[in-house]
Amino acid sequence: MRWPHSYLVDVSPVALAADLFTATPFIAELSPLRLSAINVTATLCHFRAEAFSPTLFAHYGVTAPDALVRAAAPRQAQFLAGRCAARLALAAIAADHRSPPRGAGGQACWPAGVFGAISHSDSQALCAVGRTSPLGLDIESPLAADAAEELAPLIGGDEEWALLAALPRGVAVALLFSAKESLYKALYPRLQRYIDFAEVRLQAADVGGCCLFLRPRSALAVALPAGQRFAVHWQSCGEQLLTYTRYSDGPLPA
């Protein structure tokens with residue numbers, strides 16, 4: 001299925017990409033991606049995992065972390081494509097566009113004064129960067145019915161699923177999973193830890209406006225400013241779902 005509200009723009013080759021990279025069969029396309037609800041610079045990389053070779057890390061100016069060298073080739077391909085998208089996004093905002101190194105927690109370490117987020121699927125990698133506040137970004141595919149039913153209790157409670165009842169179950173489960181993942185990425189620079197799904201609750205859903213509102217619970221609520229509520233937006237990325245958010249200390253209206 002195609003998701004509502006597709007915002008992929010300018011699918012022609014990007015001049016910056018030609019300046020940064022010599023073409024190989026691995027990258028099928030690098031293009032800008034407009035995230036309609038927040039003012040950031042985002043890039044999309046379509047890649048061919050079957051064309052991956054470890055020699056491409058040097059070709060694209062990306063250093064593979066030691067732990068990744070032992071990973072399966074598809075995982076290495078995803079990492080490389082994500083870093084290529086990151087290098088292009090950083091170049092587009094005139095920042096240091098060397099490949100962001102990987103931190104101890106697995107997070108990308110961005111240049112001073114830059115916030116960013118990376119996500120990837122089997123064939124697409126995305127990066128968003130900005131200079132104002134931490135970002136979260138995640139891409140997922142709709143789930144099959146049996147997988148959705150198995151995962152739903154791990155991701156949200158009955159009250160949360162009731163707010164997404166207008167969506168097909170496989171879409172709703174993928175959406176809430178992705179939204180919480182995006183929020184976790186945006187909160188990581190502040191909290192320096194990963195967050196359990198149960199620590200954030202879906203409070204409201206504007207399905208027509210493609211926006212979910214999440215509120216922290218339990219210990220997470222204590223660690224953040226009082227009254228925090230987070231807006232996570234979504235849009236399509238081909239056949240997949242893209243969610244994104246940004247973190248600031250100021251609460252959204254309840």
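This report walks through the overall make-up, the two nonpolar cores, one helix pair and a few individual residues of a predicted model.

## The chain as a whole

Let's start with the broad picture. The protein chain contains eight helices and nine strands. It has 254 residues, and 49% of them count as buried.

The accessible surface comes to about 11400 Å², with 56% of that belonging to carbon and sulfur atoms. Looking at contacts between residues at least 6 apart in sequence, 54% join residues at least 24 apart.

## The largest nonpolar core

The largest nonpolar core holds 33 residues, and those touching the most other members are Phe26, Cys45, Tyr60, Leu80, Trp110, Cys127 and Val129. Both helices and strands feed into this core: strands S1 (27-32), S2 (41-47) and S4 (124-130), along with helices H2 (56-59) and H4 (73-92), each give two or more residues. Helix H4 gives the most, with 11 residues.

Two members of this core are worth a click in your viewer. Trp110 touches Ala86, Leu90, Pro100, Phe115, Gly116, Ala117, Ile118, Cys127 and Val129, leaving aside residues up to four places away in sequence. Leu80 sits in helix H4 and is buried, with a relative accessible area of 0%. With the same allowance for sequence neighbors, Leu80 touches Phe26, Phe52, Leu56, Phe57, Tyr60 and Val62. Gly61 is 19 residues from Leu80 in sequence, and their C-alpha atoms are 9.6 Å apart in space.

## A second core and a helix pair

There is also a second, separate core of 31 residues, which includes Ala152, Ala172, Leu187 and Leu191.

Next, have a look at helix H5 (residues 145-155) and helix H7 (residues 169-191). These two helices pack at an angle of about 35°, and their axes are 10 Å apart. Their crossing is left-handed. On the H5 side, the contact is made by Ala148, Glu149, Leu151, Ala152 and Ile155, while H7 brings Arg169, Gly170, Val173, Leu176, Phe177 and Lys180. Sorted by class, the contact has seven nonpolar, one polar and three charged residues. Ala152 therefore appears twice in this section, as a member of the second core and as part of the H5 contact with H7.

## Two residues with positive phi

Ala94 has a positive phi of about 60°, although it is not a glycine. Ala94 is found in the loop between H4 and strand S3 (115-120). Its relative accessibility is 68%, so Ala94 counts as exposed.

Gln192 likewise has a positive phi of about 60° without being a glycine. You will find Gln192 in the loop between H7 and strand S6 (200-206). With a relative accessibility of 49%, Gln192 counts as partly exposed.

## A buried loop glutamine

Gln228 makes a handy last stop. This residue lies in the loop between helix H8 (218-223) and strand S8 (230-237). Gln228 is counted as buried because its relative accessible area is 2%, and the cut-off for buried is under 20%. Pro216 is 12 residues away from Gln228 in sequence, with 7.3 Å between the two C-alpha atoms.

How values were computed
Residues are numbered from 1 along each chain as its sequence is written. This is a predicted model: local features need pLDDT of at least 70, side-chain atom pairs count only at pLDDT 80 or more; totals for chains, interfaces and linings use all residues. Side-chain values use heavy atoms; hydrogens and water are left out. A nonpolar core is a set of buried Ala, Val, Leu, Ile, Met, Phe, Trp, Tyr and Cys residues joined through side-chain atoms within 4.5 Å. Buried means under 20% relative accessible area, exposed over 50%, partly exposed in between (1.4 Å probe, protein chains only). Helices (H or I, at least four residues) and strands (E, at least two) are DSSP runs, numbered from the N terminus. Contact means heavy atoms within 4.5 Å. Axes are lines fitted to C-alpha atoms, for helices over the stretch in contact, and angles run from 0 to 180 degrees between N-to-C directions. A crossing is left-handed if the near helix is turned anticlockwise from the far one by less than a right angle, and right-handed if clockwise. Ala, Val, Leu, Ile, Met, Phe, Trp, Tyr, Cys and Pro count as nonpolar, Asp, Glu, Lys and Arg as charged, and the others, Gly among them, as polar. Accessible areas come from the Shrake-Rupley method with a 1.4 Å probe; for residues, only the protein chains shown count as cover.
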